[in-house]
Amino acid sequence: MEHVIALDVGGTGMKAALVAADGTLLYEARRPTHRERGPQAVVTAILDFAAELRAHGERTLGGPAAAAGVAVPGVVDDARGVAVYSSNIGWREVPLRSLLADRLGGIPTALGHDLRCGGLAEGRLGAGRDQDRFLFLALGTGIAAAIGIDGRIEPGAHGSAGEIGHIVVRPGGRRCPCGQTGCLETEASAAAVARDWAEASGDPAATAADCARAVQKDDPRALAVWRGAISALADGLVTGLTLLDPRTLIIGGGLAEAGETLLAPLREAVAERLTFQRLPLIVPAALGDAAGCLGAGLLAWDRLSVEVTA
């Protein structure tokens with residue numbers, strides 16, 4: 001069966017799959033990233049994992065993969081196929097696309113940003129399917145977005161479109177690693193909720209999920225933390241909605257696992273802030289943590305299509 005290799009590289013682990021043309025996951029596997037061994041060890045782990053996947057496809061699916069796609073964090077130059085920089089992994093200017101193609105016998109290979117790959121998958125296969133304009137928001141340790149336009153994801157002129165987490169929503173607020181103060185992700189990310197709930201509850205090990213559970217029990221301390229995060233998130237989103245006018249807003253990431261505990265008050269808070277803008281449909285992401293891997297697979301199929309028609 002014709003298939004492609006897809007890898008989603010994270011800070012601690014890698015998700016991978018062999019993906020059919022319709023997005024079906026024919027085989028899935030996970031491996032550690034080995035970032036504690038240094039950036040070169042991560043590159044080696046990616047290449048070895050890809051070779052393992054190629055061999056598995058040859059054994060079980062009747063032949064080698066037709067193409068490969070890999071999604072990585074940090075700054076990514078999709079056009080050159082270079083992983084420019086990642087603070088989590090520690091690499092700089094890694095020509096990952098060419099390294100992967102060489103390891104896999106020269107097959108068409110694509111490199112993409114992990115969040116944009118997740119947005120691509122949600123747009124084609126998930127909650128944004130058949131939507132011409134959508135914004136995919138990932139609420140995790142940080143906050144970032146993917147801008148979906150007619151079945152593709154807009155990377156921006158320099159590969160950094162969608163960094164909504166660095167919109168300043170609380171001027172003079174907490175210092176952000178980016179150098180600004182009061183950025184959205186310092187106030188409304190899963191990490192921010194966990195930090196504020198740990199302080200409010202007196203439990204240094206508290207998580208954002210713990211806060212959500214306390215909200216469901218009407219704990220007044222948790223409600224105060226939750227409302228503060230939602231207020232900041234709504235302020236940031238209104239800026240994004242005003243600029244981009246999406247038809248659908250897709251909410252994913254760890255904080256979105258709270259479901260309607262998050263989405264119901266968020267819809268209300270966004271609606272209260274709008275004047276002339278149109279309220280988009282606000283829905284949960286559909287693909288969970290498989291989105292990045294599926295998006296890498298879609299990149300691979302797109303790359304193969306381009307090379308076949310060239």
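A residue counts as buried when its relative accessible area is under 20%. The report below applies this term to a predicted model.

**Helix α5 and its surroundings**

Helix α5 covers residues 190-201. Its buried residues are Ala 190, Ala 192, Val 193, Ala 194, Asp 196, Trp 197 and Ala 198. The elements that cover these buried residues include β9, α4 (184-188), α6 (208-216) and α7. At 1.5 Å a residue, the 12 residues of α5 should span 16 Å, and the end C-alpha atoms are 16 Å apart, so the two values agree. After the helix comes Gly 202, with a positive phi near 80 degrees.

**The five-stranded sheet**

Strand β9 also belongs to an open sheet of five strands, arranged in the order β11-β10-β9-β12-β13 with mixed pairing. β11 and β13 (281-284) stand at the edges; each has a single partner strand, so one side of each is left without a neighbour in the sheet. On average, neighbouring strands of this sheet are turned by 30 degrees against each other, direction ignored. In general, strands of a sheet pair through backbone hydrogen bonds, in either a parallel or an antiparallel sense. Strand β12 (residues 248-252) and β13 run parallel and are joined by four bridges. Within this pair, Thr 248 has Leu 281 of β13 as its bridge partner.

Two helices are associated with the sheet. Helix α7 (residues 220-244) packs on it and touches β9, β10 and β12; the direction of α7 makes about 155 degrees with that of β9. Helix α3 (residues 114-125) lies across β9 (133-139), β10, β11 and β12, and runs at about 130 degrees to β9.

**Two hairpins sharing β6**

Strand β5 (residues 75-77) pairs with strand β6 (residues 82-85) in the antiparallel sense over three bridges. Val 76 has Ala 83 in β6 as its bridge partner. The two strands form a hairpin with four residues between them, and Gly 81 lies in the turn. β6 is in turn joined by two bridges to strand β7 (residues 92-94), again in an antiparallel arrangement. Here Tyr 85 stands opposite Arg 92 in β7. This second hairpin has six residues between its strands, and Gly 90 lies in the turn.

**Residues with positive phi**

The table lists residues with a positive phi, including glycines and non-glycine residues.

| Residue | Location | Phi |
|---|---|---|
| His 34 | loop between β3 (25-32) and α1 (39-60) | near 65 degrees |
| Gly 81 | turn of the β5 and β6 hairpin | about 75 degrees |
| Gly 90 | turn of the β6 and β7 hairpin | about 95 degrees |
| Asp 150 | loop between β10 (143-149) and β11 (152-154) | near 50 degrees |
| Gly 202 | following α5 | near 80 degrees |

His 34 and Asp 150 are residues other than glycine. His 34 counts as partly exposed because its relative accessibility is 22%. Asp 150 is exposed, since its relative accessible area is 56%.

**Cysteines**

A disulfide is a covalent bond between the sulfur atoms of two cysteines. The cut-off used here requires the two sulfur atoms to lie within 2.5 Å, and by this rule the count comes to zero disulfides. Cys 176 is in no disulfide; the nearest cysteine sulfur, that of Cys 178, is 3.7 Å away. At 2% relative accessibility, Cys 176 counts as buried. For Cys 183, the closest cysteine sulfur is also that of Cys 178, and the separation of 3.7 Å is too far for a bond. Cys 183 is buried as well, with a relative accessible area of 0%.

Definitions and conventions:
Residues are numbered from 1 along each chain as its sequence is written. This is a predicted model: local features need pLDDT of at least 70, side-chain atom pairs count only at pLDDT 80 or more; totals for chains, interfaces and linings use all residues. Side-chain values use heavy atoms; hydrogens and water are left out. Buried means under 20% relative accessible area, exposed over 50%, partly exposed in between (1.4 Å probe, protein chains only). Two strands pair if DSSP finds at least two bridges between them. Axes are lines fitted to C-alpha atoms, for helices over the stretch in contact, and angles run from 0 to 180 degrees between N-to-C directions. Contact means heavy atoms within 4.5 Å. The expected span of a helix is 1.5 Å times one less than its number of residues.
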